[in-house]
Amino acid sequence: MPLPGGLWWLLCCRRGFTLLHRDYGDGELSGDGDEDEDEETFELRTPSPAGGGRGPLDVTLTQPMRSGPVSDRLQSWEETRSLIPEKGPSEDDPDVVVKGWLYREPRGGGARPWLPPRRAWFVLTRDSLDQFSSSGKGARRLGSLVLTSLCSVSGPERRPKETGLWSVTVSGRKHSVRLCSPRQSEAECWGVALREVIASKAPLETPTQLLLRDIQESRGDPEAVALIYRRNPILRHTSGALYAPLLPLPYGVTAPGPGYAPLREEAVRLFLALQALEGARRPGPLMQGVLQTCRDLPALRDELFLQLAKQTSGPAGPPGPPATQDPAALRYWQLLTCMSCTFRPGGAVRGHLLGHLERTEQALPDSELAEYARFIRRALGRTRGRELVPSLAEISALSRRQELLCTVHCPGAGACPVAIDSHTTAGEVARELVGRLGLTRSRNTFALYEQRGAQERALAGGTLVADVLTRFENLAAEEAGLEDPPDTGWRLCLRLHGPLHPEGLSPDGHELPFLFEQEPGGGAPQKLCLGLGAKAMSLSRPGETEPIHSVSYGRVAACQLMGPHTLALRVGESQLLLQSPQVEEIVQLVNAYLANPSPERPSSSPPPCQDLPDTSPPSQHPGLDEPQGQSGCLGQLQD
């Protein structure tokens, strides 16, 4: 007879069997009924010869037997224990790892803390954790927890409010056992022993994993692959619920962070979220939430890849004709596109996914689904992992298989739109803009910066620009709820980076405006001489007659007194802060020259020089500032 408490029914597809995915509750044992056997069994069934109903075979396995090294696969005796209570513990069992008296919380003790812990004799073997009423041969067996590679152990931790005891919790498929001891050393001993036993168990494989292996082995035979899909509904799209994960996830492991359930429960929740996509009016936030869950819980990434492969599969593997015209079915492909641009699937899952995409392209070569499949295959070859999940704008672009436009502010050139994808780096964007501005032969180095007001930070060349845009989106959402949100948001800028090489710059080139940029990471000079002429102003090094840079007054947008010794000069979108006791003389000269009309600045323009309160301390702008108390160089340029 088959053992009770089975989790999976595996009906091998190659021999005409069918896979049924079932999850049963555990059977109760005799005694106090608090703990019971915890097993996962696989039952083979086959159609009857007469073509009627299916009847069970005479063979029941805890793990499907396959060819391969015996050491790599579980044997049935390793996962199967008798459910008949024994008369008592064996005193000379060589498999006993540790035994002793411990307290245990009764089932539901966490919800009913007033129930006192019970004392029992525990025996840990290489296969199970058993508990008895006493240590003698005639003791009644109260319960047993079969240990597999999916069991987990937590603790020891002290529970001062409830019992004051040190507790160790071992979790199985359906329930957990909490062992308690008044001594911390004893609790630690049991915790170490339990972890060692679980670590020694051979890894369990789910029926889905075995079917993936069958598909991989039959990839050269399309008819055999189609037969596997037809006879195993677990591989195909379903509108029903998923009651257990497709991959072996550990029992009882609590996910990090508030709001998350144990991993196995979160895997089932993910599938419900996928199904909710079909009718969602705004799928973007739901997709972003699913992606965020996978970022927070890396163990669920391969699980979600498999769930999406399942929901994008038809009766014979590739989606059927109705799916190619159903907008709801496209949601799965759109989320799979976002996943492939964010995470890298594991080896076996990656191989199955690539095969699924290839079969879809071959079966539906001219369909939109084939376009998605090609896009996803290319993305899987480039994705290296993301710091953040895609922004809503990126999700919208990926859903249409399009690039994302971002804006980079360049001195002298204004806002420059740049097309990026999920894999574009800051270094690539900087090189593209340097080429556009004709700065490829410059001796100076340029880099992409993130900036808001006086705050700025250089981005490493390998930083993904899509991650930066997501961070901007998150910061904007957080600041939107503030009572006094900032006036300006974050933006991307191209800036000088590294030591400055001003020699040989053309007065009319795009490189000149970069001199007026704050340069925290470079070696811009700390002291410069400002020269004012009738048509232009220039900057030069102290003691040198040749100017480094010059700019006409027509390009001066504003000249503001920021304080008693500070002058802000804005050229285009760039700003230069000067500190000198002579700022009043500079303002008078600038006002005199700016009073004359310029072809680049109409005569009706408002005066660019005005007095403003001191709102910008000198310490925020060290790049081109002069020390307090030192006179700046005030020269006169010849026309």
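**Helix faces, ring pairs and a nonpolar core**

Glu584 and Gln588 are exposed on one side of helix α15, in a model that is predicted. The opposite side of α15 holds its buried residues, namely Val583, Ile586, Val587, Val590, Tyr593 and Leu594. Viewed down the axis of α15, these buried residues fall within an arc of 135 degrees, so they line one face of the helix. The length of α15 can be checked too: at 1.5 Å a residue, its 12 residues (583-594) should span 16 Å, and the C-alpha atoms at its ends are indeed 16 Å apart.

Helix α13 (residues 426-436) can be read in a similar way. Its buried residues are Ala426, Gly427, Val429, Ala430, Leu433 and Val434. Down the axis of α13 they fall within an arc of 160 degrees, so they too line one face of their helix. The cover over these buried residues includes strands β12 (404-410), β13 (414-420), β14 (446-452) and β16, together with helix α14. After α13 comes Gly438, which has a positive phi near 70 degrees.

Aromatic rings come next, and the model has 2 aromatic pairs. In one of them, the ring centres of Trp101 and Trp121 are 5.4 Å apart and the planes meet at 70 degrees; an angle over 60 degrees counts as edge-to-face, so this pair is edge-to-face. Trp101 belongs to strand β5 (residues 96-104) and Trp121 to strand β6 (residues 118-125), so the pair ties together parts 20 residues apart in sequence. Trp101 is partly exposed, at a relative accessible area of 30%, whereas Trp121 has 14% and counts as buried.

Phe472 and Trp490 also form an aromatic pair, and this one is stacked, with 6.2 Å from centre to centre and 20 degrees between the planes. Phe472 sits in helix α14 (residues 465-480) and Trp490 in the loop between α14 and β16 (491-496), so that the pair links distant parts of the chain, 18 residues apart. Of the two partners, Phe472 is buried, with a relative accessible area of 12%, while Trp490 is partly exposed, with 23%.

Rings also meet charges in this model. The charged end of Arg495 sits over the ring of Tyr449, 5.7 Å from the ring centre. Likewise, the charged end of Arg401 sits over the ring of Tyr372, at 4.5 Å from its centre. Arg401 is found in the loop between α12 (392-399) and β12 and is partly exposed, with a relative accessible area of 26%.

The backbone of Arg401 deserves a second look. Most residues other than glycine have a negative phi, and most peptide bonds are trans. Arg401, which is not a glycine, nevertheless has a positive phi of about 60 degrees. A cis peptide bond, with omega about 10 degrees, joins Gly155 and Pro156; Pro156 is part of strand β9 (residues 152-159).

Finally, the largest nonpolar core contains 54 residues. Those with the most contacts inside this core are Leu235, Leu291, Leu304, Leu308, Trp333, Leu335 and Met339. Met339 gives a view of the surroundings: setting aside its neighbours within four places in sequence, Met339 is in contact with Leu291, Cys294, Arg301, Leu304, Phe305 and Leu308.

Technical notes
Residues numbered from 1 in each chain as written. Predicted model: local features only at pLDDT ≥ 70, side-chain atom pairs only at ≥ 80, totals over all residues. Heavy atoms only, no water. Helix = DSSP H or I, 4+ residues; strand = E, 2+ residues; numbered from the N terminus. Expected span 1.5 Å × (residues − 1). Buried < 20%, exposed > 50% of the residue type's maximum accessible area, 1.4 Å probe, protein only. Arc of directions from axis to C-beta. Phe/Tyr/Trp six-rings, centres within 6.5 Å; stacked < 30°, edge-to-face > 60°. Lys NZ or Arg CZ within 6 Å of the ring centre and 35° of its normal. Contact = heavy atoms within 4.5 Å. Core = buried A, V, L, I, M, F, W, Y, C linked by side-chain atoms within 4.5 Å.
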